[in-house]
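Reader: Could you take a close look at one helix for me, and then show me how its surroundings fit together? I'd enjoy a connected walk through it.

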Amino acid sequence: MALPSYTETRYRIWHYFYIAICTFVFFFLIAPLFVIFPLSFNAEEFLVFSEGMKNLDPDAFSLRWYKDMIYGTKNPWGLAAKNSFIIAIFATIGSIILGTLAALGLSSRHMPYKGLIMAALISPMIVPLIISGVAIFFFMAKVGLAATHTGIVLAHIILGTPFVVITVTATLSGFDHSVTRAAASLGSNPFNTFMKVTLPLILPGVISGGLFAFVTSFDEVVVVLFLAGLDNTTIPVQMWTGLREQLSPTILAVATCLILLSTIILVTAELLRRRSERLRGINR
Amino acid sequence: MSSETKQILTTDGIPLEVSLKKAERKNKIKAFLLVAPLLLFLIITYVFPIGEMFTRSVDDKMITNMLPKTFKEMETWDGKELPSEEVFAAFYKDFKVLVEKQEQGKLGQRLNKEKNGFNSITKKLLRQIKRNKIDENQSIKEQIMKIHKRWRNVEYWQAIKRTAPPYTIAKYLKGMDMYIDADGGITQVDEDRRIHRILWLRTLEIALLVTIFCFLMGYPIAHLLATLPMKYSNLLMICVLLPFWTSLLVRTASWMILLQQQGLVNDFFVLIGLVADNNRPEMMYNKVGTYVAMTQILLPFMVLPLYSVMKTISPSLMRAGKSLGGTPFVAFWKVYFPLTIPGIGAGCLLVFILAIGYYITPALVGGASGTLISNQIAYHMKTTLDWSFASAMGLMLLSGVLVIYWIYNKLVGVDNIKLG
């Protein structure tokens, strides 16, 4: 962003002002995440930087909150983590299957009422979560699935499929349909064509949609708050309870783990996106 | 020659047009069958339950089912003077059935909501019945009227009549701080009790301001990301994407740490001498906290659509604008800015839709003055258990969101939503 030498002073000033604003905004976006790290290693119980921490005294840091997270008495995190992973994995599988099928149908040029159906399928992403929560709660209570893992998985499939539909339709928009016709003309049945030709090509879109679905489920708290009983508590629900009652450093230890997890997911998603763009021949 | 003789036939002898249509239909059905499982799943588990919220919100069958005989007799009552002996007798019969089922308490409570004072007079009536004080061979009207002076007051009978229809819009009116008065007209509640209207306005205000903040902060960085060379912009993009992928609760927690009275933001203000150490401002549990946290959390949803639009704008357009004599500002305003309007529309609508239904963050950092309509819905679902009122408020919010969604669909098209 070097300025040409003939730039007038006022534009020069404006340019530096603009850079300053951008720096501030990037700082505003990313800095809050980094407050969590050091405080989760705090040796004390308070959520402020102690004098020792400011002077980088090694005694002021400890792993006690991580120990508490894993071994602590009557700690809910083990059960919550297990539930969260089980629910998120099943919800992701469900979302991928339903969402990919629907995206295949929606991408067909023969699909009637495409816009309307697409809008309907995406709606769970747009409707405020609290309303989805109330509606899904009424349904699950009626069919007797409230406070069960199945109920929460179904609810998360509802919330997760829109992401799969969006990413897979986006991948399919650059899809060359003559390859499936070629497969068919060579004698392959539709199922084989899908597994051997279509799926490998749209796989990056499917996986990144699946990642979205996974994160949606793993991070979802509003609907779970309505549906969950004591046995179905998840990490977000525990964090919600903890944050409402008292901010404890253990929560920060959990939060640090979650940030690490999201970093891994982000890197995977980015790599997939680039691969998908390369495969579709989009050069940017 | 007619056109029929010219028709092209397939090898099977079927007209090509017919054969083609058949194939098209087959393809249509095939495409639809692929969508069908998800569509069906959503209709059963999602669309119908939202419909059920509607029936719940207008449902008022409870009293209708409790006092069937009374309402039948009341059909001929003009509602101006005290009802006839038959109405009193029918009410007495209905009430006795309720006493046997021990449901008279529910009736009293529900009628009390319609008009204050019902609870105590139904209890008085119950006591008389329990002591067998009421002689069914004499005028029931006289005996009931003797129990309490309110039974002689026509307003109470009018209140009963108002509860007759099985459906009511009362919950929706309550959501707008209105109610149906004794004459059946719609009245506003007293000024100091209009809590819901304040909440609606505050929700709108917060959603609008958060959208504006997101736009003001998102536009410059989206521009920077779109104009920087790839290797720098990819790195900076992480600053946008990492918060986007991080748990909402984690981000809210970090704001709770930063904004607390002994937190880093206040430390910084003290350090630069903006505030005194012993007079640190409260930045959490009020609107300030909600604004700051929601802006940071929703900012990626503004940056990503803006970025994807700006990426497609050729830099030579700005150069052309400048070479034709425009100053950089003019070139920006007349050339660049209009081209980004689709991105602005998409980003602003998305952020607004998400902000208007926000629940978690306001509940944690908002305190009493920073909570939104969603928090009120959750409160009625979980604490007061007035599910029909929660449903009514939810549907009012939903109708607003759907209008914006419709506009969004017209302007941007849902198939153009970009993720990551």
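Author: Happily; what follows starts with helix 5 of chain A and moves outward to the chain contact, the cores and the domains of chain B. Please keep in mind that this is a predicted model.

Let's begin with the helix itself. Helix 5 of chain A has 13 residues, which at 1.5 Å a residue should span 18 Å, and the 18 Å between its end C-alpha atoms agrees with that. There is a bend of about 30 degrees at A120(A), with a proline, P124(A), following within four residues. That proline is also among the buried residues of the helix, together with M118(A), L121(A), I122(A), S123(A), M125(A) and I126(A).

What covers these buried residues? From chain A, the cover includes helix 4, helix 6 and helix 7; from chain B, it includes helix 1, helix 16 (328-356) and helix 19 (387-411). Both chains therefore take part in covering helix 5 of chain A, because buried residues of this helix have neighbours from each.

That leads us to the contact between the chains. Here 73 residues of chain A touch 69 residues of chain B. Helix 5 (114-126) is one of the elements giving two or more residues to chain A's side, and others include helix 4 (77-107), helix 6 (129-142) and helix 7 (149-173). The top contributor is helix 1 of chain A, with 14 residues. By class, this side of chain A has 61 nonpolar, nine polar and three charged residues.

Next, the cores. The largest nonpolar core has 162 residues, and those with the most contacts inside it are A102(A), L298(B), V351(B) and A355(B). Domain 1 (8-58) and domain 3 (195-416) of chain B both give residues to this core, so it lies between them. Looking beyond four places in sequence, V351(B) is in contact with V210(B), T211(B), C214(B), L298(B), F301(B) and M302(B). Another core, of 20 residues, lies apart from the largest one; F71(B), F95(B), L107(B) and W151(B) are among its members.

Finally, chain B as a whole. Besides domains 1 and 3, chain B has domain 2 (61-166). The centres of domain 1 and domain 2 of chain B, taken over C-alpha atoms, are 54 Å apart. Within helix 1 (residues 16-58) of chain B sits R25(B), which counts as exposed because it has 11 C-beta neighbours inside 10 Å. From R25(B) to M256(B) is 58 Å, C-alpha to C-alpha, with the two 231 residues apart in sequence.

Definitions and conventions: Residues are numbered from 1 along each chain as its sequence is written. Chains are lettered from A and ligands numbered from 1 in the order in which they are written. This is a predicted model: local features need pLDDT of at least 70, side-chain atom pairs count only at pLDDT 80 or more; totals for chains, interfaces and linings use all residues. A nonpolar core is a set of buried Ala, Val, Leu, Ile, Met, Phe, Trp, Tyr and Cys residues joined through C-beta atoms within 7 Å. A residue is buried if 20 or more other C-beta atoms lie within 10 Å of its own, exposed if 12 or fewer, and partly exposed in between; C-beta atoms are placed from the backbone. Domain bounds come from an automatic or database domain assignment. Two residues are in contact if their C-beta atoms, placed from the backbone, lie within 7 Å. Ala, Val, Leu, Ile, Met, Phe, Trp, Tyr, Cys and Pro count as nonpolar, Asp, Glu, Lys and Arg as charged, and the others, Gly among them, as polar. The expected span of a helix is 1.5 Å times one less than its number of residues. The bend at a residue is the angle between axes fitted to the seven residues ending there and the seven starting there.
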